[in-house]
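These are my notebook entries on one structure. I wrote down what I looked up, entry by entry.

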Amino acid sequence: VELINYWAVKLAEATAPSEAALAPAITSAYLQGGSVRADLFRQTGIDAAGGFGIGGLEALLPWILRSLIAASNWLYTLLASDELGNAIAAVKDGVELAEKVGSKQPKEAITQMPNNAPYSDLKHVMNVIGAELRTAGIVDDQADLITFRVINALLEKPESAVEFVRQLEAAQ
Amino acid sequence: MTAGRAQNNLMPPWLWFWIATFFVSLPYYVAVWRRNLIDLVTPLPVGADDSIGNMFAFRILGFVGLSEFIPSVAVVLGIAALVFPMIRTRWIQKHYRLCPRSQAFMPLPEIIAFLEDQAPGIRVTANLTRFDQIAFIYPSGFRQTTLAIFGPLIKLWHQDKAVAKAILVHEIAHCRHGDAVVIGAGSPFRVLVERWAALFFSVWVVPFTLSVLALAGQFFWEIYLSNTGILAWPIVVLYKVGETIILGVLFAATSLWVLLWVIGLFLPPMMGIWCSELNADQASAAYSRKHTLRALTIMPDKKRRLQWLFSSLAHPPQKLRQWMVAHSRNPVVLIGMLILYPLTLGFQVLILRLWELPYVGSDDPFLQLVNLDAIASWRSLFYLWLLSAVLLALWPYLSPIWERCFSGSNIVAKLEPKPYWISAGIIAVLSLISFTQSR
């Protein structure tokens, strides 16, 4: 549980700091599965009478958790790569580029990476996570930025990150 | 953040007013139900074609009256359910998986402290892993309200505390306005609207199609029996198709007519709900206008058509809310807001009278069972507008008592009486006009 909570908070802090306090609860609900997990992904509910209104504050972390599972095969290879240093450098550059407002370069930075390891795995991971985030309605540039930040966080402690993704996958 | 004292009862509780006056119109609804039930069991008129196909079609078409019956029963059931608030409490807690704050609220002492300060004794439940709601109130007894809090409010608390507080003040105003107990009155009707496609299909499309099929079957069977030559069949089929198209057009027109009746029926409670929301927005605005406006821009204002319709049953359009919050310091806007509900009553009468137009002069005995005068006439308007004017004139003096009743607190904001008296005067003049017209 400690490992799960550590990564939940770390990923939330890297991508959506306002979800950090909720991160352990969100991850626990995700692992629980069924309708409790489905509730995490509800984006349009019924506007309850006596409420303020709905929409505009959906959670990001559940989509990140789901995307990590979707990209798990390439993630394991990437995080176990001998040339991890190259990947870390590429991702750090990507984060810097993506954080520049209005920058279109992160997408190009991904496509221009060589097709050998560890870049090929990195590209797969980026594409899968980015695609999952886009299904949540996140716009392209924002999705790329979040993807870079997620991978950047995972690359800080690769072995622990692998274990975290394995535990997520086991609960799927 | 600059925070003022929230005015929790700027507007009279029009939803309560609607419920109190609804009972006067109950005989009308009973007459509608009686007509609908008679339609279901009434025999074919003497001398009519009593062939099997015709009988079948006639019997099935009787079900069409259910499209009037079901919405009006839903409204009455909604009101009846208010006597048992615990039914709504249990349903909401189960549906939204709400936990008491001791189990789910540990990381949020700041929010609890704010609520204790603004609304001592308010109960709080939470589901922090659901993100399609922000916060809403529901009854946990006749005078006890519970505030349900969801994940987005916590996110917002971390992003922009002042905006989150404005939303909480909106919810607290609902509690102090006595909305929690009555705001669920529209729920059964709302569930119905959400399932309107299935309802429309089952009580309109299916009976109509079956009736047309029964009549067509009967028709072709008779043609077959009369040994018509094979060359005549295309003409016969063409004739039948044409007849079906005419029936279809009539059917669509009647459907729209029923829709008009349903709109007329639900207009006052919907406006009552809208007024409760506008009132709660004004409480937030009195606390912090800037942050209330910011809170109203968080939610997406472009919604799909159906989602927009469902949202409109619970809240006024977002642009209207924003405009009201931005301009309510203008006395003319405030007066306009105060007379919104009484004017809606006049609009309801107009719609129901429009609905009745095709039947004027009709000698249909079933239609004569229902007399619209009880709910939609100059006379009924006179009484409703007179009561509204009295309530508006007295509201500056009644509101502290009303607020104390639901909050138990002696600290209540005082209201400046002048806009209320002007509003009451406008409605009193309308009442006078309706009185002279009714004579």
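The entries below cover a chain interface, a sheet and two serines.

**Entry 1: the kind of model**

I note at the outset that this is a predicted model. I therefore read every value below as computed from that predicted model.

**Entry 2: where chain A meets chain B**

I began with the contact between the two chains. How many residues of each chain take part? I found 29 residues of chain A in contact with 42 residues of chain B. I then looked up the area buried between chain A and chain B, which is about 3,200 Å². Carbon and sulfur atoms give 59% of this area.

Next I looked for charged pairs across the interface. The rule finds three salt bridges between chain A and chain B. One of them joins A:Glu19 to B:Lys155. The closest N and O atoms of A:Glu19 and B:Lys155 are 2.9 Å apart. I also recorded 12 residue pairs in polar contact between the two chains, counting pairs with both residues at pLDDT 80 or more.

Which helices of chain A supply at least two residues each to the side that touches chain B? I noted helix H2 (23-32) and helix H3 (34-40) of chain A. The largest share, four residues, comes from H3(A). By residue class, the side of chain A that touches chain B divides into 14 nonpolar, 10 polar and five charged residues.

**Entry 3: the sheet in chain B**

I turned to an open sheet of four strands in chain B. The strand order is S1-S2-S4-S3, and the pairing is mixed. Why is one side of S1 and of S3 left without a neighbour in the sheet? Strand S1 (99-100) and strand S3 (135-139) of chain B stand at the edges, and each has a single partner strand, so one side of each has no neighbour in the sheet.

I then followed the pairings of S2(B). S1(B) and S2(B) run in the antiparallel sense and pair over two bridges. Within this pairing, B:Cys99 has B:Ala126 in S2(B) as its bridge partner. Strand S2 (residues 123-127) also pairs with strand S4 (residues 145-150), in the parallel sense over five bridges. Here B:Ala126 stands opposite B:Ile149 in S4(B), and B:Thr125 stands opposite B:Ala148 in S4(B). I conclude that B:Ala126 has one partner in S1(B) and another in S4(B).

Is S2(B) mostly covered or mostly open? S2(B) is mostly covered, with four of its five residues buried.

**Entry 4: two serines in one helix**

I last examined helix H20 (residues 418-438) of chain B, in which B:Ser434 lies. B:Ser423 also lies in helix H20 of chain B.

Are these serines buried or exposed? B:Ser434 has a relative accessible area of 0% and therefore counts as buried, the cut-off being under 20%. B:Ser423 is likewise buried, with a relative accessible area of 0%.

I then listed their contacts, leaving out residues up to four places away in sequence. B:Ser434 touches B:Trp378, B:Leu381, B:Phe382 and B:Trp385. B:Ser423 is in contact with B:Ile335, B:Leu338, B:Ile339 and B:Leu392. For a sense of the fold, I noted that B:Ser434 and B:Ser380 are 54 residues apart in sequence and 8.7 Å apart in space, C-alpha to C-alpha.

Finally, I looked up where the side chain of B:Ser423 finds a polar partner. One of its polar atoms lies 2.6 Å from the backbone oxygen of B:Pro419.

Definitions and conventions:
Residues numbered from 1 in each chain as written. Chains lettered and ligands numbered in written order. Predicted model: local features only at pLDDT ≥ 70, side-chain atom pairs only at ≥ 80, totals over all residues. Heavy atoms only, no water. Contact = heavy atoms within 4.5 Å. Buried area = accessible area lost by both parts, 1.4 Å probe. Salt bridge = Lys/Arg side-chain N within 4 Å of Asp/Glu carboxyl O. Polar contact = N/O pair within 3.5 Å; in protein donor to acceptor, adjacent residues only side chain to side chain. Nonpolar A, V, L, I, M, F, W, Y, C, P; charged D, E, K, R; others polar. Buried < 20%, exposed > 50% of the residue type's maximum accessible area, 1.4 Å probe, protein only. Pairing = 2+ DSSP bridges.
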